[in-house]
Amino acid sequence: MLELMDKNELVKILDDWNFWNKKLDTGIARKIYLDKLKKALPSEQVKVIIGARRSGKSYIMRQFAWHLIEKENVNKDNILMVNFEDPRFAELDTKLLDRLFEAYLEHRSPRGKIYLFLDEIQEVPRWEKWVRAAQELKKADMIISGSNAKLLSGELATVLTGRHLDITVMPLSLREFLDFKGLGAGNAAEIIKNEIRINSLLEEFMRFGSFPLVVLGQEREKILLSYFDDVVNRDLVRRYKIRKTEEIKKLIKFYMSNISSPVTFTSSGKFLGISAQSAERFSAYLEASYLTFFVKRFSFKFKEQEKSPRKVYAIDTGLANIAGFQFSPNRGKLAENAVFLELKRKAHSNPRMEIYYWKSLAGEEVDFVIKEDASINQLIQVCWDARNAQTKNRETKSLVKAMAEFESDNGIIITGNYKNEEIVNGKKIKYIPLGEWLLASC
């Protein structure tokens with residue numbers, strides 16, 4: 001029980017998670033997220049690092065803490081890091097937060113500004129009120145992390161309206177993936193020089209995905225399966241008190257088997273033998289846990305948007321491959337999922353950006369409609385086998401029709417390896433290989 005954990009026990013745990021007496025492993029720097037945290041440093045808002053489990057949030061926190069020590073001349077004693085998934089914490093509640101902070105103050109006697117890193121804070125019930133009180137009393141500059149979108153839209157937003165700054169972490173982009181593989185993409189000349197190696201790694205990127213430990217590890221399928229179990233058991237079953245565990249596992253597998261495809265809650269429910277309402281509720285849980293995402297059909301009519309099928313995408317192509325019912329990789333679907341994830345990274349940095357798909361009454365479809373404010377500023381089609389004339393013509397025809405409807409001159413078709421610019425019905429179409437587009441987008 002918590003009351004049996006004296007301050008010496010708490011200090012022993014804290015010693016393991018902090019830089020006080022040793023240099024912790026900080027991994028490979030995730031520069032894009034570190035730069036966001038550095039930019040946010042002068043702000044007194046709570047810095048929130050949110051994103052999928054195992055996407056690298058804990059290492060980013062360590063990297064930022066080490067930056068404070070090395071570059072900002074912050075004393076090690078003024079930094080407290082706590083990981084609430086440490087199994088040695090017998091019970092998690094706000095009393096533990098108080099005791100941990102008291103034990104830290106007695107143990108390290110910090111002088112001046114304190115930086116408090118609370119990792120996987122959602123594990124602590126009613127944590128948000130403690131964080132708000134600590135912020136208002138200026139006890140510390142707080143950096144917190146969590147693996148559930150409700151951290152922002154629910155608990156945190158309720159008590160910290162306008163007083164938090166969020167940074168969403170995704171699995172590695174292709175450029176980060178290449179860095180982790182020791183092949184920095186660099187400039188255009190270096191990309192051309194390493195084209196064969198990059199294309200080989202792109203295949204690996206789509207097959208096994210880009211969770212950091214999977215990229216660096218050996219038993220990649222085993223790691224992915226453990227991630228799947230972690231998300232199901234910790235972020236879904238335990239958090240939402242789900243009794244129908246087999247149903248939600250089947251739903252995940254159904255979605256992972258149908259990435260880049262339109263789905264409805266009614267059809268999903270029928271397939272699994274559950275109600276449409278249950279399918280919709282479970283789907284919301286999956287999206288809040290950053291496991292799947294749903295993209296709506298573009299329409300100027302809100303009701304039509306809501307009633308139309310949504311396209312489903314996975315947080316990671318490797319996870320989709322391991323959890324879905326797929327006997328052989330569908331490169332077209334995987335490529336489209338990879339494009340979606342890159343667009344999602346951009347949307348996290350640009351709150352005005354919205355992602356939709358388009359479908360005509362005749363059934364023509366364009367994979368991505370990018371809306372910013374009131375304007376449609378880009379249409380993107382994914383066509384893996386653009387060297388097949390029939391496939392290319394079909395996908396190009398749909399894109400040109402959408403460009404005409406939206407009066408757009410910005411049409412892109414992302415391909416496996418075909419590159420060109422063509423004028424079709426007066427519209428300029430750019431055909432760009434997936435690897436090149438992903439690297440240019442980073």
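# Reading a fold, step by step

Strands E9 and E10 (residues 365–372) run antiparallel and are joined by six bridges. That pair gets us going; just keep in mind that the model is predicted.

## Exercise A: the E9 and E10 hairpin

Work out how much of strand E9 is covered, which residue in E10 is the bridge partner of Glu354, and which residue between the strands takes a positive phi.

*Solution.*
- Step one: look at the cover. E9 spans residues 353–359, and five of its seven residues are buried, which leaves the strand mostly covered.
- Step two: follow a bridge across. Start at Glu354 and you land on Lys371 in E10.
- Step three: check the turn. Five residues sit between the two strands of this hairpin, and among them Gly363 has a positive phi near 100 degrees.

## Exercise B: the whole chain

How many helices and strands does the chain have, and how does its radius of gyration compare with the globule rule?

*Solution.*
- Step one: count the elements. The secondary structure adds up to 19 helices and 14 strands.
- Step two: compare the two radii. The chain has a radius of gyration of 23 Å, and the globule rule gives 22 Å for 442 residues; these are close, so the chain is as compact as a globular protein of that length.
- Step three: picture the box. Along the principal axes, the C-alpha atoms fill roughly 75 × 55 × 45 Å.
- Step four: look at cover and surface. Of the 442 residues, 55% are buried. The accessible surface comes to about 20900 Å², and carbon and sulfur atoms account for 50% of it.
- Step five: see who touches whom. Take the contacts between residues at least 6 apart in sequence: 68% of them join residues at least 24 apart.

## Exercise C: the nonpolar cores

Here's the background: in soluble globular proteins, nonpolar side chains tend to be buried together. Find the residues with the most contacts inside the largest nonpolar core, and the helix that gives the most to this core.

*Solution.*
- Step one: find the centre of the action. The largest nonpolar core has 98 residues, and Phe117 and Phe368 have the most contacts inside it.
- Step two: find the main contributor. Helix H11 (residues 220–240) gives the most, with nine residues.
- Step three: look for another core. There is a second, separate one of 31 residues, and its members include Phe84, Leu118, Ala134 and Ala140.
- Step four: zoom in on Phe117. If you skip the neighbours within four places in sequence, its contacts include Met61, Phe64, Leu68, Val82 and Ile143.

## Exercise D: an open sheet and its helix

In what order do the three strands of the open sheet come, and which are the edge strands?

*Solution.*
- Step one: write down the order. It is E6-E8-E7, with antiparallel pairing.
- Step two: spot the edges. E6 (261–263) and E7 (292–295) each pair on one side only, which makes them the edge strands.
- Step three: check the twist. Ignoring direction, neighbouring strands here are turned by 45 degrees against each other on average.
- Step four: go down to residues. Three bridges link E6 with E8 (residues 310–314), and Pro262 stands opposite Lys311 in E8.
- Step five: add the helix. H12 (residues 245–257) lies across E6, E7 and E8, at about 60 degrees to E7.

## Exercise E: buried or exposed?

Asn73 and Ser260: is each one buried or exposed? Use these cut-offs: under 20% relative accessible area is buried, over 50% is exposed.

*Solution.*
- Step one: place Asn73. It sits in the loop between helix H3 (57–70) and strand E2 (79–83). Its relative accessibility is 67%, so Asn73 is exposed.
- Step two: place Ser260. You'll find it in the loop between H12 and E6. Its relative accessible area is 2%, so Ser260 is buried.
- Step three: check the backbone. Neither is a glycine, yet phi is positive in Asn73, at about 55 degrees, and in Ser260, at about 70 degrees.

## Exercise F: a residue inside a strand

Where does Ile413 lie, and which residues does it touch?

*Solution.*
- Step one: locate it. Ile413 belongs to strand E12 (residues 411–415).
- Step two: apply the cut-off. With 1% relative accessible area, Ile413 is buried.
- Step three: list some contacts. Not counting residues up to four places away in sequence, Ile413 touches, among others, Gln381, Cys383, Leu399 and Tyr431.

Note on methods
Residues are numbered from 1 along each chain as its sequence is written. This is a predicted model: local features need pLDDT of at least 70, side-chain atom pairs count only at pLDDT 80 or more; totals for chains, interfaces and linings use all residues. Side-chain values use heavy atoms; hydrogens and water are left out. A nonpolar core is a set of buried Ala, Val, Leu, Ile, Met, Phe, Trp, Tyr and Cys residues joined through side-chain atoms within 4.5 Å. Buried means under 20% relative accessible area, exposed over 50%, partly exposed in between (1.4 Å probe, protein chains only). Helices (H or I, at least four residues) and strands (E, at least two) are DSSP runs, numbered from the N terminus. Contact means heavy atoms within 4.5 Å. Two strands pair if DSSP finds at least two bridges between them. The radius of gyration is taken over C-alpha atoms; the globule rule is 2.2 Å times the number of residues to the power 0.38. Accessible areas come from the Shrake-Rupley method with a 1.4 Å probe; for residues, only the protein chains shown count as cover. Axes are lines fitted to C-alpha atoms, for helices over the stretch in contact, and angles run from 0 to 180 degrees between N-to-C directions.
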